[in-house]
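I opened the notebook with a plain aim, to follow the sheet strand by strand and then to turn to the core, the ligand shell and a few single residues.

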Amino acid sequence: MNEDKKNRKTVLVVGATGYIGNAVVTESVQQGYDVIAVTRSLKSDCQFSGAEVVLADVTDPASMAKVFHRKIDIVISCLACRSGLAKDFDDIDYKATLNILNAAKENGTNQFILLSAICVRKPDLPLQLAKLKMEDELMRAGIDYTIVRPTAYFWVFEAQTRMIENGKPGFLIGTGDQASHNPIAKQDLAEYMVGSIDNSERINRLFIIGGPETAENIVTYKDSLLIVFESISKEPKLISIPCWLFRAFIQLTRFIGLFSRKIGVFSEFLKITYYYTNNDMRAPGYGSITIRQHLMDTVRKAQT
Ligand SMILES: NC(=O)c1ccc[n+]([C@@H]2O[C@H](COP(=O)([O-])OP(=O)(O)OC[C@H]3O[C@@H](n4cnc5c(N)ncnc54)[C@H](OP(=O)(O)O)[C@@H]3O)[C@@H](O)[C@H]2O)c1
């Protein structure tokens, strides 16, 4: 922790147990802010050291009002529906986040930093529509804001690594070369978000950012799978699912999903996967950690 405690402002983080939210808590503490991490439950794998943890229900305005009973200088929202149907995305990415914005306005909070996603540029999915509605509310709220729309995170590839380590092949949709992106490390994104606090160049603006724009970090989906195989020293074994077959499967699960919530949620997940593997998501680069470096380091750490 920064012992100087230069930044005695209070930063409240919602979505504090999330992949990015937890990194934002760590980064805010390191930068010397007084940090309040809002969570609905205590998770053992989350790092809250140096932060105050407050249990609350983000879907309940009364619960949020209690969290905001003291002066909050900055809110950073990393809240997001983990998976679900259209209504679930609307409930969390829009309505619950709006509850927090309303509480922040009431509180006189100075700045609201919202984690959104690059994919809202070309909206097609319920999660994107919910995020766009929230971005719009924030821009019209009369509070200083910063909206950050990042590219994909590394955890997507960590899940692939575990499957491949367990002997599964890497699955491609189509050739896996349809789209490229520059994914971003959670540490780099957290640094960018916390670095937006009181940053006059980032007030009332929207930023699209990705990880380093270097040759080894601008990857297609197939490239990233090949890096996964390389990182665990395995011969690449790739299976391609034709795009038409994947789309047909989405339609089938969408239909069955009318009768089964579980299948409906799975269908929504497939749609998101298809979208991400078929749309270019290049963005201005930030940070230093590349996907290759991250995967190599992860495997090295696991082996020591
Ligand atoms: N994955 C990507 O590659 C990618 C790329 C660009 C942008 N994004 C966007 O970045 C954002 C954050 O992503 P992430 O991977 O950090 O998300 P995440 O790990 O799924 O975290 C979501 C957070 O929201 C909280 N949350 C969800 N539903 C809740 C509820 N009903 N009540 C209270 N809290 C709830 C979760 O709390 P619990 O721990 O209690 O569930 C968690 O803290 C999302 O908006 C995502 O769409 C993702």
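These are my entries in the order in which I looked things up.

Entry 1, the kind of model. I note at the outset that this is a predicted model, and I read every entry below with that in mind.

Entry 2, strand 4. I began with strand 4 (residues 74-77) and found both of its faces covered, with Ile74 and Ile76 buried on one side and Val75 and Ser77 buried on the other. I then looked up its pairing: strand 1 (residues 10-14) runs parallel to strand 4 and is joined to it by four bridges, with Val11 standing opposite Ile74. Strand 4 also pairs with strand 5 (residues 111-115), again in the parallel sense and over four bridges, and here Ile74 stands opposite Gln111. I recorded the connection as well, since strand 4, helix 3 and strand 5 make a right-handed β-α-β unit.

Entry 3, strand 6. Moving along the sheet, I found that strand 5 and strand 6 run parallel and are joined by five bridges, and that Phe112 stands opposite Tyr145 in strand 6. The path from strand 5 to strand 6 goes through helix 4 (residues 126-139), and this β-α-β crossover is right-handed. Why did I write down strand 6 as largely enclosed by the rest of the structure? Six of its seven residues are buried, so the description follows from that count. Strand 6 pairs with strand 9 too, in the parallel sense and over five bridges, and the bridge partner of Pro150 in strand 9 is Ile209.

Entry 4, helix 6. I asked how many of the nine residues of helix 6 (residues 186-194) are buried. I counted seven, which leaves the helix mostly covered; the buried residues are Lys186, Asp188, Leu189, Ala190, Tyr192, Met193 and Val194. These buried residues pack against helix 1, strand 4, strand 5, strand 6 and strand 9, so I cross-referenced this entry to the two before it.Entry 5, the loop after helix 6. Between helix 6 and strand 9 I stopped at Asp198, which has a positive phi of about 55° although it is not a glycine. Asp198 is partly exposed, because 14 other C-beta atoms lie within 10 Å. Asn204 lies in the loop between helix 6 and strand 9, and its phi, near 55°, is likewise a positive value in a residue other than glycine. With 13 other C-beta atoms within 10 Å, Asn204 is partly exposed.

Entry 6, the core. I next looked up the largest nonpolar core, which has 76 residues, and noted that Val13, Val24 and Met193 are those with the most contacts inside it. The largest share of this core comes from helix 3 (residues 86-107), with eight residues. For Val13 I listed the contacts beyond its neighbours within four places in sequence, among them Val24, Val25, Val35, Val38 and Ile76. Met193 had already come up in my notes as one of the buried residues of helix 6.

Entry 7, the ligand shell. I found 23 residues surrounding the ligand, the closest being Thr17, Gly18, Ile20, Ala80 and Ala117. Which helix gives the most to this shell? Helix 1 (residues 19-30) does, with three residues. Sorted by class, the shell holds 15 nonpolar, six polar and two charged residues.

Entry 8, Ser267. Ser267 is found in helix 9 (residues 261-278), and I asked whether Ser267 is buried or exposed. Ser267 is buried, because 22 other C-beta atoms lie within 10 Å, and the cut-off for that label is 20 or more. Leaving aside neighbours within four places in sequence, I found Ser267 in contact with Ile250, Thr253, Arg254 and Gly257. I also took one distance from here: Ser267 and Lys301 are 34 residues apart in sequence and 35 Å apart in space, C-alpha to C-alpha.

Entry 9, Asp57. My last stop was Asp57, in the loop between strand 3 (52-55) and helix 2 (61-67). Asp57 is partly exposed, with 15 other C-beta atoms within 10 Å. Not counting residues up to four places away in sequence, Asp57 touches Arg40 and Ser63. Asp136 is 79 residues from Asp57 along the chain, and their C-alpha atoms are separated by 23 Å.

Conventions. Residues are numbered from 1 along each chain as its sequence is written. This is a predicted model: local features need pLDDT of at least 70, side-chain atom pairs count only at pLDDT 80 or more; totals for chains, interfaces and linings use all residues. A nonpolar core is a set of buried Ala, Val, Leu, Ile, Met, Phe, Trp, Tyr and Cys residues joined through C-beta atoms within 7 Å. A residue is buried if 20 or more other C-beta atoms lie within 10 Å of its own, exposed if 12 or fewer, and partly exposed in between; C-beta atoms are placed from the backbone. Two residues are in contact if their C-beta atoms, placed from the backbone, lie within 7 Å. A residue is near a molecule or strand if its C-beta atom, placed from the backbone, lies within 6 Å of it. Ala, Val, Leu, Ile, Met, Phe, Trp, Tyr, Cys and Pro count as nonpolar, Asp, Glu, Lys and Arg as charged, and the others, Gly among them, as polar. Two strands pair if DSSP finds at least two bridges between them. A crossover is right-handed if, with the strands pointing away from the viewer, the path from the first strand over the helix to the second runs clockwise.
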